[in-house]
Amino acid sequence: MMLESFSFDDSKLEEYNILGSKLNINLFVKRDDLSQILGGGNKFRKLCFILRKAQKEEYNAIVTAGGLNSNHARATAIMAAKLGWRCILIIHADKPEGLNFKGNLKLASLCGAELRFTEMETVSDEMDRAMTDLVELGYKPYYIWGGGHSLEGTYAYYNAIDRLQKDLNVANKPNYIFLASGTGATQAGVEIGIRQFYPECKVIGVSVARKSNRGKIAILESMAELNSFLGFPIKLPSDIEFDDSWIGDGYESTYPELLDTIRWAASTEGLILDPTYTGKAFHALKMYVNNGTIPSSANVVFWHTGGLLNLMASNQI
Ligand SMILES: *Cc1c(COP(=O)(O)O)cnc(C)c1O
């Protein structure tokens, strides 16, 4: 089975020679941070599939949820504005005072999304209420889980691995893919795609928040869902790599080694990472190289999932 998406130019795969030679690997960076909408990121790629489905089914409004600096909320608000759709975002945080909206939230608000702030426990009630409100106003609202967690979102990254074959020649078959993993939808799509198209490659998901057990269960569930949708191209594994050692004290927390790695990547070759997502994934990559888990001369694809606005909103770096 295939899913349609909005047409978009795929992001570039760039070789980073200076960082690669310092790490003794061949380093390729998949630039999903540079895609068609400002801030780009993996949420854009997911939404290209999610919203194409909604468009075909004649929806004309969106309800979704996210945290104070949610890339998903920002990407959804921009896409809704481009489509001319109404958008209500349920933000699980206290409303910032006055004009103190930063990063993603500032863009979401500028794009005309209605922001409703609430506690974590009441997000789903508030989403239901927003759905009802939009229906009463005559809209047909589409409900999107936080983070764009969905079959379409997972499929987007399966499709991305399929497309990756165009960018990598035979000599450059990837040995490792590193990516920041949150809800795991991105990793699940990558895992299925890799097993189908590059079965020798290892995927290393670096957790940005969840403990390993919970994270793996979610990823394996999304993998099973996609695999059955696709007609079972792969044999599902019993285990995957979802490393929870680089989170620090939790989502959005930082630690000095992480900040050093972010400074090092930027100053060495202009690779801009953020402290919430990509910085943690790249820091893990660096540590895997340092401790010999990744052999020298390996072909490593670092999947840059976005996060610029998290960096710009951060007061830790
Ligand atoms: C949301 C996000 C992730 C995690 O994606 P999941 O599919 O939820 O695992 C990684 N990087 C960035 C920049 C993100 O915004």
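Apart from its neighbours within four places in sequence, Thr-261 is in contact with Phe-282, His-283 and Lys-286. The model is predicted, and these contacts are computed from it. Thr-261 belongs to helix H9, which covers residues 256-269. The relative accessible area of Thr-261 is 0%. A residue counts as buried when this value is under 20%, so Thr-261 is buried.

Burial can also be followed along a whole element. Strand S7 covers residues 176-181, and six of its six residues are buried, so the strand is largely enclosed by the rest of the structure. Take the two faces of S7 in turn. On one side are Tyr-176, Phe-178 and Ala-180, and these are buried. On the other side are Ile-177, Leu-179 and Ser-181, which are buried too. Both faces of the strand are therefore covered.

Next come the strands that pair with S7. One of them is S8, residues 202-207, which pairs with S7 in the parallel sense over six bridges. Within this pairing, Ser-181 stands opposite Ser-207 in S8. To get from S7 to S8, the chain passes through helix H7, residues 185-197. This β-α-β crossover is right-handed.

S7 is also joined to strand S10, residues 299-304, by three bridges, and these two strands run parallel. Here Phe-178 of S7 stands opposite Phe-302 in S10. Phe-178 is thus a residue to look for twice: it lies on the side of S7 that also holds Tyr-176 and Ala-180, and it faces Phe-302 across the pairing with S10.

Definitions and conventions: Residues numbered from 1 in each chain as written. Predicted model: local features only at pLDDT ≥ 70, side-chain atom pairs only at ≥ 80, totals over all residues. Heavy atoms only, no water. Buried < 20%, exposed > 50% of the residue type's maximum accessible area, 1.4 Å probe, protein only. Helix = DSSP H or I, 4+ residues; strand = E, 2+ residues; numbered from the N terminus. Pairing = 2+ DSSP bridges. Right-handed = clockwise from strand over helix to strand, strands pointing away. Contact = heavy atoms within 4.5 Å.
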